Structure formats: C-alpha cells, structure tokens
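How may a reader new to this structure find a way through its helices, strands and loops? The paragraphs below offer one route.

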Amino acid sequence: MELRLLGEVAVLVGDRRVDLGPARQRCVWVALAVDVNRVVSVERLTERVWDVGPPLRARSTVLTYLSRLRQVLADVDGVELFRRSGGYLLAVDVSAVDLLRFRDLCARARAADDTRAARLLSEALDLWRGEPLTGVTGEWSETERERLRLERLDVRRDLVDTRLRLGEGGELVGDLAVEAAEHPLDDRVAGQYLLALHQSGRVADALEHYQRHRARLAEMSGMDPGGSLRELHRRILASDPALDPAAHLAPTGTPVTVPRQLPAAPTAFAGRQDDLRRLDAVSDASSGAMVVIAGGGGLGKTWLALHWAHLRLERFPDGQLFVDLRGFGTDGQPMEAATAVRGFLEALGVRQGAVPTDPHAQSALFRSLVADKRMLVLLDNAAGSEQVVPLLPGGGTCTVLVTSRNHLPGLITGHAVHHLAPDVLTDDEARAALAGRLGVDRVAAEPTAVDAIVGSCAGLPLALGIIAGRAQIRPRLPLAALAAELAESGLGALEVEPAVGLPAVLSWSHRALAPEQAGAFALIGIAPGPDIGLPAASALLGRPMSETRAVLRGVEHASLLEQDAEGRYRMHDLVRQYAAGVPVRDGEAALRRVVEHHVRTAAAASRLVAPNLGDPTRGLDRPRHPGERLTSREQAWAWYHRERLCVLAVQRTAADLGEHRAAHLVERHLYPFQYMTAAFEERVAACRTALRSALELDDPAVLGDAHRFLGSALCEAGALDEGVGHLRTALALAEDLGDGRCLSGVHMALVLAWSNGNRHEEALRGATRAIDVTLRSRGPLQVARVRAVAAHSAAHLDRHDLAISLCEAVLPVLREHPDRDIEANALATLGHVAVRTGDARRAVALLRTSAAMFREEGNTRMVADTLDRLGTALRALGRRDQARDQWEVAASLYRAQGRTADLDRVLEQLGADVAPPGRPPARRPKSF
C-alpha cells in the first residue's frame, strides 16, 4: 500500500487506485493523512473541509464520511482508521506515505556528511510528482499546499548548498542562473549563484552579478544585500582559499559513534528458555522486531531482556541503546519521552547545538539516524504507550525491547508488536538461579534447605535474588537457617500471589544487613523525592560522602538499592514501600539534615543564577550541613534540573516537620529557576506550601512575602482574581509594618499582573506608585527594575516617548549595577517600540541582542517572547524565511511552557490552521 500526497492524492494497492469517494470525503481523508498517526479532532476536520462557516449538520456529515472511509479501507492492508479520545487517528506505516518519507530523508540528510546528504536530499525530491494535494480544493488545502511548496523549495536550496560544499558549482551554474532570474531579490539564491560562478572559474561574472543584485535590491526595496552575501562578496574579492571546494569536504576516517549502553548481563541468570527462544524467533539476524515484555513487579523482565541482548550482541553491530523510563517510581513521575530521546541523540553523537528544539523534530531525527541500522533499543520500565511511541526507531532493521508492568494495549494495537508475558521460574530454574549466585557446591550441600527456599519463594526472581544476597553476605550461615527464617516470616504466601508476601522477604533481608547498612536502608526509604544523590544521602545519613558511598554499596550488594547511570540512588518501588515502613532511629533528625542540605544548596544555586535578587529572607541558624558546592551558573542549572522534584518534596517535608522557615526559604530560592522556565504550576504549589508554613511563623514580614509570592505566582499561572487577592493581603500587611521592601515588591507584582493580563493602563498607573515607593525604600537597581516593567506597559500602549525615556533612565544605572535580565528587558522594550514606529532594522538588532542575553541567563520564558517580536521585525523587513524561523522556535518554547494563548498567536502568524502535535490544553484562570 502507498499513500501519495506529493502530487495527485491517491491510495494505491499494487496497481489498483482506491476510490476515496466524493470531493468532501477526499478532503476528510487528506485532513487525516497530513497528520497521519496523530489524533485529529472532529472539530478540526470540520474546519478543514469547509472554507467558511460550516453547515448546521457539519459534524454529523464528517462522521458519515469517516464511517464510509473506514468501509473503503477495510480491505486495504497497512492502513486503519481508529476512533480515539479526542478525535480520529489514521494509522499508516510511515514508509508507505510519500510526505513522511520525504521528511524522514531530509532529517537524515541533516545528520549526514555532505556526500550522503546530497544523495538523501535528491532521493527526497524525487518523491514529488507535481503539485502537492492535487485533487483536493478549498482554502485549507491551498494553505497546506503552499506550505508544502515552500518546504520543497527549502529542500531544493539545501541540496544546492550541499552540492556547492562538494565543489559541484560548475554543474549548477545553468540552473542557478534561471533560479536567480526567477527570484531576483533572494540573497540566498544570489549567494549560491555567486559561489557556483566562482567554483567554475568565472570570478568576474560572479562579481558582476553581485553588483547587479545589489543595484536591483536598492531600486526595488531600498535595502542592501544581507551580511552573509556581503561577506561572500568580500571573500571572492580577496580570493579567500577557504572558498576552494576542497576546504568543504569532510575529512576521511571520521569515527562513527556506536553506542554501547547496555548494563552488564545478569551474572546468575537461569531458565526462561522458552522466552529466549520466542525472542530469537521474532528477531532474526536480518531484520528487526518490537517486543513488549510485560508482567508484575519482581518477575525479572529486565534481566530477561538484558540476558537475551548480551547473547545476541552480534545481531546489533551498529550499537545498543538503553534507558530506564522510570514508569513506576514512587513519585508517580515517569521520565518524559523527550528526555530519553535527547539522551539517545547524544549517545548517537549529535552535538547539543544540532538537536532540534521541538520534541517531535527530535524524535524524527532519532528515527532518521537509526532507520537503516541494525541496532537494539531497550526501553525499560515503561509507564504507557504514549511514553514509548516517540522512542521507536524508523525503518525495519532495529530491534526494540520494552519492559513494563502494563501490557501496553495501545502500543500492541497501533504497531506490529510481539507480546511476551514471562511466568514465574520453575523449581529447577529457581535452583539453578541460586546455584549461579551461591555456587553449585553450597547449594548441593543442603538440598532439603534449598527445596524449602525454592518453595517459599514460589519462583519470584526478585525474592530469590534477595535471599541469595542475604546468603552471600553471610557465607558461613547454613542455608537451613535461612529456610527456617523464611518459614517463620510467612513467605510461603507467595505461592498464592507472588507479590503479597514480598515484605516478609524484605524483612529478613533487611535484618541481615550490617547495622549501619540497615540504618541507611531505612533512611533512604523515607528520603523526600523519587531518588537521591550522594551529597544529599551523605546529609541524610550524617556521614562523610566516602563513608556514605561505602555503606550504600553494601545495601546495593544485598539487592535492596541500585545506582543509575548518573550515580543517583534509587530503590525498586516495592523495596521502598517496605523500607518506608521500617522503624528508623532518629529519622526526624535525618530528615532535618537533608532539608537543610537542600535549602543551602538551593540558596547557592539561586545566588549564581540571579545574584541581584539577593536573599530577602533570613537564613537558617548554624550551617551544620552547608550543601553542595556550586561555583558556576552551569552547575546551578544542572543542579536544578537534577534535583527539582527532590527539592519540591523536601519543601513539603520541611512543612510537615515544622521547619517552616526552611519551607519558606525553599520557595524563595526556587523562584528564579521556576520564573525563567515558566514552571507556573510548580511555582504555585511551592508558594502554597510556603504560605502554609508562613502562617505558622510569628513573623508578619515573612507572611507578607508569602502572600506576595503566591499572589504573583497565581497571576502568572492565569488565576488573576485569586492572585490579586493575595497581593492585596500582602499590601495590607506591608502597610501595617511600614515594610518598604515588601510594599515595593507588592506594587511591582501588581504591575506585572496587570501587564501579563494585557491591562496596560492599570499596569502603568501601578508602575507610577511602584516607582514612588521603590525610590523611598530600595536601591537604584530595584528602581531600574520597576522602570523597565513600566516601559514595557508604556510600549504596549503606544506611548513610545515614555517607554524610551524610561528605558534610557534604566540603562545608565546598569553600568554601575550590572543586571543582564533588566538590561535584556529594556532592550526588548526598545526593540518593540522600534517595530511599532517603523524602524524594523533597529528593532532586529535590539531584539537579537536581547534574545542572546536572555538565552545566556537561561531565561527561556523571555527568549520565547523576544523571538516572537523578532519575527515581527524580520517580517517587516521582508525577511519572511527568517521570521518563520524565529516564530517556529518561539512556538516550540511556548508549547513546552504551556503558554497556549501565545502559542495560538504565533501559529496564526505562521499561517497554520492547526497547532502541531503536542499542543497543550488551553490555560485558563483556575484555582490551584
């Protein structure tokens, strides 16, 4: 079966063309096909079918078309139409769709050397058979058709660039002469033509064409050639040797990254022969397969997958990828698929700067890189199908193993997946497993005791592993003593339900630990967060890191703890459930230590990322646990991304322990990170916990701050009414105290609230009051910050002179008191004014500088806003391609930040009728 969109729309089965029905029914088909393998709502289908207001019965008509299409497709192998929550999904293998093959080839070309890229791009362009979507009419289809035309044009020009780097300019001169005549104002085409002429030895012709292009631009648009074209002209004049085609050829012998990410093979694997044969049968040496290994906790799914993978390494000469998706952690937060994709791209040698920002583009690049390779991808501990799909490779040569406690029916339905459900071990397999861990002689010496152990464990690999670990720790302990202890603990209940008696197994395993190991086991079980790093574990245990590492290694050896690839400690969730119920000595003191550790590390990180914010709250007394040593912004951001969930859990623990000042401080130190990444809901949650603690403190200033920061967070998240209520409470408290610092902050928060709500008149009036209060109570930097916000609102009210004067008052202050965030905001506002007053060239320069500064600061929230404005400025200059580039990056950031209104606006500017997949639900004011 073949689905064609890059020409006349058609579904072909061999030589037969499938009749897709009348015109509107064909339009429904195309509306689904352009988003193949993605859910499209009925409302969106309706909008695509009717150019103007749809008729009253449009929805039922669309449903009728969908029903007919399902009947038409019933006899077509390789394509299915599914009803899904939220709409309909057309399921087709990507290799059968010419548009998807085209995009896949282009993505692979971007990651390839020039020789291979030229071949791939040529192959992609050969898929076109004329005008795309021919045979479908209407406004939406014409817009989509134009988008595809532009996509094809970009690829054609990418191919020219690639061939020029390969030194093929002489072969391109004729075609580029025609292209330059058809696009007389296009700098990129002009540059390609110049370089082709230069490569063919026609330097004089190249220089003459540049002068003609320059004159034509001046006459028709009043502009000069762009910087890159001017630079190329300069280099041709200077006979730059780097323009020699040989300078662009990739060096030979460049090493290819072959990832080898598999953890070590299980050392005492036994049994599972039927499962191993099944895996062999579905994945032979010449083709790939996808297998879901599903079953309950403790069945040894991961061991089975790893054992088979190491047995068959020769089948995967191009490498093996592995990731633990953490689908069943105690925190209920599985790993994001995008995080795993980025890890895979890094393992495949993709430079960080070459990774696309959009998650779907990242997945497409991953599929392209592995599409024709013989690799193994092992996705361990998956939560659901939606977590796995973005990690599936392209092509049919890779083998994918997925382990999960869920059976993943959605994955099995939508893909060609084999399902494997391992059973418990047989008695003979269990004995072999014990012999592998304890030695044949020790097991053979006590057959009766071994039989008793095997019977009590009932074939559960996790239980057997724990028992074997217990026996390894005590090599002189008779196995009969272990068997007796198991009988007394009631482990025989596992014969009915393998997981029911597991706490009994864990109880004696815990008792077999050395005292310091047992204490560590219990403390890790109550530590806040999904996992714990070594520095925090050191604070928790109250030991130096070297001692902590040694103690935890003993717990690891007993199979009660594991370390991930980043060195963080994590318990199997069943083990942790048991550990959390173990009585622990001085557990509250240990939790207080880890709270202080995280608070002080958060303070250090906050000072590095936002040094001018200062510390508006009083610190903890006597720094007994100083926290991690962070010395750079990069380390601070790495700490935040690594520990974010743990620190939020620590804040809740602090409040529960009565460490209310610590709970308040955590929120203050997380603020710059949450603000700059637009983590609205996390910030609201942290602020609510901080307010709960502030109410317990006899400190009106802290209470005022808590109301102020919660109010600000709620306003940022869209709950304006509730947020303003908290801000007014903070205002009253500050006025009663005469607290100028808090008064200034509340007025500033109100100004931001009105500004973010597009109530700029109120924001500007509030800014006047905020400036007055801040001048009386704060330093020049705080005054500059308020003026920068006021300038933003003035600019949006088209009060340009006021906005400029406010910014001009801000910038001199920053020469004495540097603050890149305030400076970037002021430059962004001046850029906005320049756009509105018609000085687009100045606007571009200002906004580019502002965006670069925000990016250096890690303020992705403001990067998105600034790129949005930069796109508008570039469009005003006629640089539509560059404008689209900026808007697409802004849209990706808005999507990641959940900023739906901004995303919709940018998509409208891009001319899109539908948001790309992954569009967040609309954010509306709500109660958090």
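The account that follows describes a predicted model and moves from the strands to the helices, and then to single residues.

The N-terminal part of the chain is a convenient place to begin. Here an open sheet of three strands is found, arranged in the order β1-β2-β3 with antiparallel pairing. The edges of this sheet are formed by β1 (2-4) and β3 (16-17); each has a single partner strand, so one side of each is left without a neighbour in the sheet. Between strand β2 (residues 10-13) and β3 there are two bridges, in the antiparallel sense. Within this pairing, Val13 lies opposite Arg16 in β3.

Parallel pairing appears further along the chain, at strand β7. In general, the strands of a sheet pair through backbone hydrogen bonds, and the pairing may be parallel or antiparallel. Strand β7 (residues 290-294) runs parallel to strand β10 (residues 399-404), to which five bridges join it. One of the residues concerned is Ile293, whose bridge partner in β10 is Thr403. Strand β7 also pairs with strand β11 (residues 418-420), in the parallel sense and over three bridges. In that pairing Val292 stands opposite His419 of β11.

Is β7 enclosed by the rest of the structure or left open? Five of its five residues are buried, so the strand is largely enclosed by the rest of the structure. The side chains are divided between two directions: Met290, Val292 and Ala294 point one way, while Val291 and Ile293 point the other way, and all are buried.

Helix α12 (residues 301-311) belongs to these surroundings. Its buried residues are Lys301, Leu304, Ala305, Leu306, His307, Trp308 and Ala309. These buried residues pack against α11, β7, β9 (376-382), β10 and β11, and the three paired strands described above are therefore among the elements that α12 meets.

A loop residue also reaches α12. Leu262 is placed in the loop between α10 (227-237) and α11 (273-282). With a relative accessible area of 12%, Leu262 is buried, as it falls under the 20% limit for that class. Beyond its neighbours within four places in sequence, Leu262 is in contact with Leu306, Ala309, His310, Leu313, Gln320, Phe322, Leu376 and Leu378. For one of these contacts a distance can be given: Leu262 and Phe322 are 60 residues apart along the chain, yet their C-alpha atoms are separated by 5.6 Å.

Strand β9 contains a residue with a notable backbone angle. Asn381, placed in β9, has a phi near 60 degrees, a positive value in a residue other than glycine. Asn381 is partly exposed, with a relative accessible area of 22%. A positive phi of about 55 degrees is also found at Asp586, which is not a glycine. Asp586 is placed in the loop between α26 (573-580) and α27 (587-609), and it is exposed, with a relative accessible area of 52%.

Ser538 is an example of a buried residue in a helix. It is placed in helix α24 (residues 534-541) and has a relative accessible area of 11%. When its neighbours within four places in sequence are left aside, Ser538 is in contact with Arg543, Pro544, Met545 and Thr548.

The route ends among the helices further along the chain. Helix α30 (residues 680-694) has 15 residues and reaches 21 Å from its first C-alpha to its last, close to the 21 Å expected at 1.5 Å a residue. Its buried residues include Phe680, Arg683, Val684, Cys687, Ala690, Leu691 and Ala694. The cover over the buried residues of α30 includes α28 (633-657), α29 (660-676), α31 (700-716), α32 (720-737), α39 (860-876) and α40 (880-897).

One of these covering helices, α31, also packs against another helix. The axes of α31 and helix α33 (residues 740-756) come within 9 Å and cross at roughly 10 degrees. That angle makes α31 roughly parallel to α33. From α31, the residues Ala701, Gly704, Asp705, Arg708, Ser712, Cys715 and Glu716 take part; they meet Arg741, Cys742, Gly745, Val746, Ala749, Ala753 and Asn756 in α33. The residues of this contact are of mixed character, with six nonpolar, four polar and four charged.

Terms used:
Residues numbered from 1 in each chain as written. Predicted model: local features only at pLDDT ≥ 70, side-chain atom pairs only at ≥ 80, totals over all residues. Heavy atoms only, no water. Helix = DSSP H or I, 4+ residues; strand = E, 2+ residues; numbered from the N terminus. Expected span 1.5 Å × (residues − 1). Buried < 20%, exposed > 50% of the residue type's maximum accessible area, 1.4 Å probe, protein only. Contact = heavy atoms within 4.5 Å. Axes fitted to C-alpha atoms, helices over the stretch in contact; angles between N-to-C directions. Parallel < 35°, antiparallel > 145°, perpendicular 65-115°, else oblique. Nonpolar A, V, L, I, M, F, W, Y, C, P; charged D, E, K, R; others polar. Pairing = 2+ DSSP bridges.
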